[in-house]
Amino acid sequence: MGNSQAPQQPCIAGYQVARVVEGSPAHQAGLVPFFDFILFVDNIRMDTVDSSFFCKYISKNENQPLKMTLYSTKASTYRGITLVPNRHWGGSGLLGCSIEWGTTEQAMNCVWQIMNVAPGSPGHQAGLQSYRDYLVGMQDYSQESEATINMFVDPTDVHDRLACCLGLQQQLGTALPLLVLVHDCVANDIREVLLHVIGPTLGLDIANGHLHHIPSTSSSGRLPIIREGGFCRQPG
């Protein structure tokens with residue numbers, strides 16, 4: 001369960017979807033956090049690390065339907081969607097999602113399978129499950145920004161973020177909230193989980209590497225779903 005090698009797929013660079021707000025244009029259009037990469041908007045290739053052109057193009061086309069071409073690392077397929085940027089959906093921003101520049105190879109290599117959850121630990125209280133759950137994104141306290149989820153950038157990133165969070169918690173002497181993005185490979189869904197960090201550990205044993213890659217659903221083409229109730233809060 002989850003101990004298969006990563007699916008063979010091209011290394012593609014684009015804007016990786018990091019968060020999606022419930023009820024937003026991005027949510028209604030079916031964007032999936034972590035797995036989806038935005039490659040084209042209205043047949044214009046999004047190929048720069050700097051997202052300023054993307055943001056300006058979205059703003060210029062407020063209330064106009066935009067066609068996007070996405071690549072899903074889970075299904076190993078391309079697909080097209082239509083999305084209407086607007087300010088009438090009840091939240092902030094035109095899309096209701098956050099993006100980060102990355103590659104599909106980096107994304108699929110920077111995941112951690114949860115191997116064990118200690119009873120009574122923050123991980124156990126948050127409902128994390130051994131073998132089927134994967135950590136695919138996490139809040140980064142070193143950035144000193146408001147609570148949001150960022151993708152991992154290398155295999156040591158998760159440990160650096162955990163060390164920063166646990167160190168800050170011990171310094172403050174109070175429970176500290178930690179947002180993580182979790183994929184359940186059995187239910188094929190993705191959700192945000194809020195951990196309450198108390199003490200020196202989260203009670204999780206995690207593993208990274210070829211034996212712990214997320215299994216593909218390319219044979220069925222079934223995309224992951226955002227679990228109902230899986231939104232913790234709205235990004236800024």
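These are my notebook entries on a predicted model, going from the whole protein down to single residues.

**Entry 1: overall make-up**

I started with the secondary structure and got five helices and 13 strands. Of the 236 residues in the protein, 50% are buried. The accessible surface comes to about 10,600 Å², and carbon and sulfur atoms hold 52% of that. I also looked at contacts with a sequence separation of 6 or more: 70% of them are between residues 24 or more positions apart.

**Entry 2: the nonpolar cores**

Next I went for the cores. The largest nonpolar core has 42 residues, and the members touching the most other members are L31, F34, F54 and M68. There is also a second, separate core of 22 residues, with V117, V158, L178 and V193 among them. I jotted down the general rule beside this: in soluble globular proteins, nonpolar side chains tend to be buried together.

**Entry 3: helix α2**

F54 sent me to helix α2, which covers residues 52–60. Which residues of α2 are buried? I found F54, Y57 and I58. Looking down the axis, I see the buried residues of α2 fall within an arc of 100°, so they line one face of the helix. On the other side of α2, K56 and K60 are exposed.

What covers the buried residues of α2? My list includes strands β1 (13–20), β2 (36–41), β3 (44–45), β4 (66–72) and β6 (97–103).

Then I took F54 by itself. Leaving out neighbours within four places in sequence, F54 is in contact with Y15, I38, V41, M46, M68, L95 and I99. M68 is on that contact list, and M68 is also named with F54 among the core members that touch the most others.

**Entry 4: the second largest pocket**

I checked the second largest pocket, which holds about 190 Å³ of space. Its lining is made of S51, F54, C55, I58, S59, G93, L94, L95, G96, C97, S98 and I99. Two elements, α2 and β6, give two or more residues to this lining. Which element gives the largest share? That is α2, with four residues. So F54 turns up again here as a lining residue, having already come up as a buried residue of α2.

**Entry 5: W101**

I stayed with β6 and looked at W101, which lies in that strand. Buried or exposed? Neither: W101 is partly exposed, at a relative accessible area of 26%, and the cut-off for buried is under 20%. Without counting residues up to four places away in sequence, W101 touches A13, G14, Y15, M46, D47, T48 and V49. I also noted its spacing to Q16: 85 residues apart in sequence, yet 5.9 Å apart in space, C-alpha to C-alpha. Y15 and M46 are on the W101 contact list, and both are on the F54 list as well.

**Entry 6: two positive phi values**

Last, I looked at backbone angles. D42 has a positive phi, near 50°, and is not a glycine. Where is D42? I found it in the loop between β2 and β3. D42 is partly exposed, with a relative accessible area of 26%.

Y131 is another non-glycine residue with a positive phi, about 70°. I placed Y131 in the loop between α4 (122–125) and β8 (133–138). Y131 counts as partly exposed, at 41% relative accessibility.

How values were computed
Residues are numbered from 1 along each chain as its sequence is written. This is a predicted model: local features need pLDDT of at least 70, side-chain atom pairs count only at pLDDT 80 or more; totals for chains, interfaces and linings use all residues. Side-chain values use heavy atoms; hydrogens and water are left out. Buried means under 20% relative accessible area, exposed over 50%, partly exposed in between (1.4 Å probe, protein chains only). The arc is that of the directions from the helix axis to the C-beta atoms. Contact means heavy atoms within 4.5 Å. Accessible areas come from the Shrake-Rupley method with a 1.4 Å probe; for residues, only the protein chains shown count as cover. A nonpolar core is a set of buried Ala, Val, Leu, Ile, Met, Phe, Trp, Tyr and Cys residues joined through side-chain atoms within 4.5 Å. On a 1 Å grid over the protein atoms alone, a cavity is a set of points where a 1.4 Å probe fits but cannot get out, and a pocket is an open set with protein on both sides within 12 Å along at least five of seven lines; lining residues have an atom within 4 Å of a point. Grid points are joined across faces, edges and corners, and a volume is the space filled by probe spheres set on the points.
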